[in-house]
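The following paragraphs lead through a protein model by way of its side-chain interactions. Please keep the sequence and the coordinates at hand while reading.

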Amino acid sequence: MYQKSESPSALPIYVQISEVLIREIASGRLPNGSRLPPERELAKQHFTTVRTLRKALDILEEKGLLDRVQGSGNYVRSGAAVDSIYSMFRLELRSGGGLPTARVLSLDELAKPHDFPVFGTASHGTRIRRLRFLNRIPIAVEEIWLDGDAGRIDPLALSDSLYRYYKLQLGFWISHAEDTVRVGKVPDWAPNEFGQPIGETVGYIERLSHSEQKGSVEYSRTWFDPERAHYVQRLR
């Protein structure tokens, strides 16, 4: 489930584990008040050491999602909205949760298509096409356009979270986004691994993302497999 860090912006394993647990809590698979398995057992489930697991649990405790009771165990505390690396990633496995990862299919600097909504200040942008996974299960293909004036992307430094890359490498962060969800047809560049044939009707998300520093900087389109994943927006 976890990927060895290969770049400065890759997520450390303990952060990946914390994100899995945060999404499990948000989806209700780990309900409020439930006790987590013993740390040695939980570490084994996540293919890591107890030391690394405890660093992940420290993050949950800091975010107010975990009560650690000496001699008793670790108990889930849910209810409040929690900021996390994938807090704006709305796709989950149909069974709930799942760790988001991605594989870059292509990265190009191009003129923005004329039929796109207005975003950013440049006439060109960086187009990133990716295959998205949840727990290594392919669930979506996506096309992200970053405005050309927002900064240049180093393909060797990209991690699974583009928003984290923007913050660490380009100096801005996404503060909010507007999603439009409907159905669409799988694009002709989707790889066979996606599992749905080109032209098949699937779930479709258009997103316009905004930065406090730079305004509207990103436009994206995502085609997701409704047999494997669904779009979830939780209101607190």
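In this predicted model, the charged end of Lys55 is placed over the ring of Tyr14, at 4.2 Å from the ring centre. A second arrangement of this kind involves Lys112, which lies over the face of Phe119 at 4.0 Å from the ring centre.

Lys112 also takes part in a salt bridge: its partner is Asp147, and the closest N and O atoms are 2.7 Å apart. Because Lys112 belongs to the loop between β4 (100-111) and β5 (124-134) while Asp147 belongs to strand β6 (residues 137-147), the pair ties together parts that are 35 residues apart in sequence. Lys112 and Asp147 are both buried.

The aromatic residues come next. Over the whole structure, a search finds eight aromatic pairs. In one of them, the ring centres of Phe116 and Trp145 are 5.4 Å apart and the planes stand at 90 degrees, so this pair is edge-to-face. It links distant parts of the chain, since Phe116 is in the loop between β4 and β5 and Trp145 is in strand β6, 29 residues apart. Phe116 is buried with a relative accessible area of 13%, and Trp145 is buried with a relative accessible area of 3%. The rings of Phe119 and Tyr219, by contrast, have centres 6.1 Å apart and planes at 35 degrees, so they form a tilted pair. Here, too, distant parts of the chain are linked: Phe119 is in the loop between β4 and β5, Tyr219 is in strand β9, and these positions lie 100 residues apart in the numbering. The relative accessible area of Phe119 is 3%, so this residue is buried; Tyr219, at 5% relative accessibility, counts as buried as well. Ring pairs join Phe116, Phe119, Trp145 and Tyr219 into a cluster.

Trp145 leads on to Leu110, which is located in strand β4. Leu110 touches His124, Gly125, Arg127 and Trp145, residues up to four places away in sequence not being counted. The C-alpha atoms of Leu110 and Thr126 are separated by 6.3 Å, although these residues are 16 residues apart along the chain. With a relative accessible area of 31%, Leu110 is partly exposed.

Returning to charged pairs, the count of salt bridges comes to 17. Among them, Arg130 pairs with Glu142, the closest N and O atoms being 2.7 Å apart. Arg130 is in strand β5 and Glu142 in strand β6, so the salt bridge ties together parts that are 12 residues apart in sequence. Both of these residues, Arg130 and Glu142, are buried. Another salt bridge connects Arg29 with Glu24, with 3.5 Å between the closest N and O atoms. Arg29 is partly exposed, because its relative accessible area is 44%, whereas Glu24 has 16% and is buried. Glu24 is part of helix α1 (residues 13-27). Apart from residues up to four places away in sequence, Glu24 touches Arg29, Leu30, Gly96, Gly97 and Gly98. The C-alpha atoms of Glu24 and Leu11, 13 residues apart along the chain, are separated by 18 Å. Elsewhere, salt bridges link Glu39, Arg54, Asp58, Glu61 and Arg68 in a network.

What do the buried residues of α4 pack against? Helix α4 (residues 162-170) has Leu162, Tyr163, Tyr165, Tyr166 and Leu170 as buried residues. They span an arc of only 155 degrees around the axis, which means that they are on the same side of α4. The buried residues of this helix pack against β5, β6, β7 (174-185), β8 and β9. After α4 comes Gly171, with a positive phi near 80 degrees.

Tyr163 provides a link to strand β8 (residues 201-211), where Ser209 is found. The side chains of Ser209 and Tyr163 are joined by a polar contact of 2.8 Å. Ser209 is buried, because its relative accessibility is 0%. When residues up to four places away in sequence are left out, Ser209 touches residues including Tyr163, Ile174, His176, Gly215 and Val217.

A further serine, Ser220, is in strand β9 (residues 215-224). Its relative accessible area is 8%, so Ser220 is buried. Beyond its neighbours within four places in sequence, Ser220 is in contact with Glu143, Ile144, Ile205, Glu206 and Arg207.

Note on methods: Residues numbered from 1 in each chain as written. Predicted model: local features only at pLDDT ≥ 70, side-chain atom pairs only at ≥ 80, totals over all residues. Heavy atoms only, no water. Helix = DSSP H or I, 4+ residues; strand = E, 2+ residues; numbered from the N terminus. Buried < 20%, exposed > 50% of the residue type's maximum accessible area, 1.4 Å probe, protein only. Polar contact = N/O pair within 3.5 Å; in protein donor to acceptor, adjacent residues only side chain to side chain. Contact = heavy atoms within 4.5 Å. Salt bridge = Lys/Arg side-chain N within 4 Å of Asp/Glu carboxyl O. Arc of directions from axis to C-beta. Phe/Tyr/Trp six-rings, centres within 6.5 Å; stacked < 30°, edge-to-face > 60°. Lys NZ or Arg CZ within 6 Å of the ring centre and 35° of its normal.
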